Amino acid sequence: MTAPWLAIAAKDLRLAFAGGQGPVQAVLLGLLLVFIFSLSAAPGEHFSPQQAMAIFWLCSSFAVVLIFSLLFRFEEENDTATALLLSPLPVQGLWLGKTLAGLALLALCQVFFFPAALVFLGLDPGGSLGGLALMALGVDLGLCILGGLIGAMGHGQGAKDALLTIIVFPLQVPLLLGGIRIGVGLMQGVPMADLGEWFGLVLAFDAVFSGAALFLFPHVFRGE
């Protein structure tokens, strides 16, 4: 028997790809940002690792807003929010399912962002791909935990996208800073053990906002 939160994640992913659209809007916006920033460098000039990682995470940050706006729009368009709240599914399971679906869609977006950063920004991962993947998992998880909580706060609001943008970006700052510093350190050959404080910051962010989401989600996600 499929766990309820896995069923919610599968349902959202099916709806996201039902029209052949998926996270196309988020992917195109991220690629456009990478291309526009690449124009600011002189011909033959490469971005520093810090600049390239900052642009990569900026694209991911915007993608999170678009992804969770899409995921919570499904409940509005189909009038299913009240039905989900009345179902035997724990309300926290709804948050967990949407967080998992958002994590899958964000990872898919980054499959396009990373090669674009290699080509247009001169990003050089060297031999640190394993460490970068671990860093991306930790930071992506925090971005989606936060997106799932704030997306529920904007559910049913006419200015949902504006609310998401205003609240999400300031809260993401410590997580994005950790992602940038870890990425730069790994590309410069710094051992992962010496980046323990930044990994600790990312993991602490994930743990704190997971606890906050489990407590707050039932209070902020409402039916129609």
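Read from the N terminus onward, the chain of this predicted model runs as α-α-α-α-α-α-α-α. The secondary structure thus amounts to eight helices, with zero strands to accompany them.

Turning to overall form, the C-alpha atoms occupy a box of roughly 55 × 35 × 35 Å along the principal axes. The radius of gyration is 18 Å, and this agrees with a compact globule, because a chain of 224 residues folded in that way would be expected to come near 17 Å. Of the 224 residues, 45% are buried. Contacts tell a companion story about how the chain is connected: when pairs at least 6 apart in sequence are considered, 84% of the contacts join residues at least 24 apart.

The surface and the charges can be taken together. The accessible surface of the chain comes to about 10,600 Å², and carbon and sulfur atoms account for 70% of that area. Among the side chains, 7 are positive and 13 are negative. The centres of these two sets lie 9 Å apart.

A closer look at one helix is a helpful way into the interior. Helix α5 spans residues 91-120, and Thr-99 is one of its residues. Thr-99 has a relative accessible area of 5%, so this residue counts as buried. Leaving aside residues up to four places away in sequence, Thr-99 touches Phe-68, Cys-144, Ile-145 and Gly-148. One of these partners, Cys-144, is itself buried, with a relative accessible area of 0%.

That contact leads naturally to the cysteines. How many disulfides does the model contain? The count comes to zero. Cys-109 takes part in no disulfide, and the cysteine sulfur nearest to its own, that of Cys-144, lies 9.7 Å away. Cys-144 likewise is in no disulfide, its nearest cysteine sulfur being that of Cys-109 at 9.7 Å. Because a disulfide is counted here when two cysteine sulfur atoms lie within 2.5 Å, the 9.7 Å between Cys-109 and Cys-144 leaves this pair outside the cut-off. Is Cys-109 buried or exposed? Its relative accessibility is 0%, so Cys-109 counts as buried. Cys-144, also at 0%, is buried too.

Technical notes
Residues numbered from 1 in each chain as written. Predicted model: local features only at pLDDT ≥ 70, side-chain atom pairs only at ≥ 80, totals over all residues. Heavy atoms only, no water. Buried < 20%, exposed > 50% of the residue type's maximum accessible area, 1.4 Å probe, protein only. Helix = DSSP H or I, 4+ residues; strand = E, 2+ residues; numbered from the N terminus. Rg over C-alpha atoms; globule rule 2.2 N^0.38 Å. Contact = heavy atoms within 4.5 Å. Areas by Shrake-Rupley, 256 points an atom, 1.4 Å probe, with all protein chains shown as cover. Lys, Arg positive; Asp, Glu negative; His and termini not counted. Charge placed at Lys NZ, Arg CZ, Asp CG, Glu CD.
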